[in-house]
Amino acid sequence: MNMDHSVHLIYLSSAKGDHFCHGTDFRTMMHYKAENQNEKLAHYLGDIFNLQATIAKINKPIMMVAPGNSYNSGAGLLSSAGFPAICDNSYLAFNECTFGFVPHAGSTYYASRLPGDIGTFLVLTGYPIKGKDAIDLKIADA
């Protein structure tokens, strides 16, 4: 898509329209760790970071529409879009901290640019915000 000149806009959303992304699969990560499958764990985390880096480097406009929940790395991906859109009934949260992890996939970068200390509050507490609040905070455009 990035190299195809006939593509003018990249549109990403959920397949069924239920939820955009619940983010990183911490259950899988803990399974890999418990089974001492460190290479699989490293590959999984590498895929997440490579996806974020790839999206950040794409030279075309990206529109993401996020119905339902956008949690963890899904919230980071939404934040990186050129045209992020969220629904009124949606929730967005950088809630990795509730699992003992540091927010990743660009979450701390985008949260640090929110007004006042709201970004710090969101990444330290994992508190979910509604779609309208995400729009008011300029995390989503519409």
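Begin by selecting Lys132, which counts as exposed at 52% relative accessibility. The model on display is a predicted one, and every stop on this tour refers to that prediction.

**Stop 1: the charged pair on helix H6**

With Lys132 still selected, add Asp136, which counts as partly exposed at 48% relative accessibility. The two side chains form a salt bridge, with a nitrogen-to-oxygen distance of 3.4 Å. Which helix holds both residues? Display H6, residues 131-136: Lys132 and Asp136 lie 4 residues apart in this helix, and therefore about one helical turn separates them. Side chains of opposite charge can pair when their charged atoms come close. The count for the model is 1 salt bridge.

**Stop 2: the buried side of helix H5**

Next, select helix H5, residues 118-125, and colour its buried residues, namely Gly119, Leu122 and Val123. These residues lie on the same side of H5, because they cover an arc of only 90° around the axis. An α-helix has 3.6 residues a turn, so residues three or four places apart point the same way. To see what covers the buried residues of H5, show helix H4 (107-111) and strand S6 (129-130), which are included in that cover. Then move to Gly126, just after H5, where the phi angle is positive, at about 75°.

**Stop 3: the nonpolar core**

Which residues have the most contacts inside the largest nonpolar core? Select Ile62, Met64, Leu78, Ile86, Leu92, Ile129 and Ile139; the core itself has 23 residues. Strand S2 (62-66), helix H3 (73-80) and H5 are the elements that contribute two or more residues to this core.

From this group, centre the view on Ile129. Residues up to four places away in sequence being set aside, Ile129 touches Ser90, Tyr91, Leu92, Leu122, Ala134, Leu137 and Ile139. One of these contacts, Leu122, leads back to the buried residues of H5.

**Stop 4: Ser14 in its loop**

Finally, select Ser14, found in the loop between strand S1 (10-12) and helix H1 (26-34). Is Ser14 buried or exposed? At 16% relative accessibility, Ser14 counts as buried. Display His19 as well: its backbone oxygen lies 3.5 Å from a polar atom of the Ser14 side chain. When neighbours within four places in sequence are left aside, the residues in contact with Ser14 are His19, Phe20, Val65 and Pro67.

How values were computed. Residues are numbered from 1 along each chain as its sequence is written. This is a predicted model: local features need pLDDT of at least 70, side-chain atom pairs count only at pLDDT 80 or more; totals for chains, interfaces and linings use all residues. Side-chain values use heavy atoms; hydrogens and water are left out. A salt bridge is a side-chain nitrogen of Lys or Arg within 4 Å of a carboxyl oxygen of Asp or Glu. Buried means under 20% relative accessible area, exposed over 50%, partly exposed in between (1.4 Å probe, protein chains only). The arc is that of the directions from the helix axis to the C-beta atoms. Contact means heavy atoms within 4.5 Å. A polar contact is a pair of N or O atoms within 3.5 Å; within protein, one must be able to donate a hydrogen and the other to accept it, and residues adjacent in sequence count only if both atoms are side-chain atoms. A nonpolar core is a set of buried Ala, Val, Leu, Ile, Met, Phe, Trp, Tyr and Cys residues joined through side-chain atoms within 4.5 Å.
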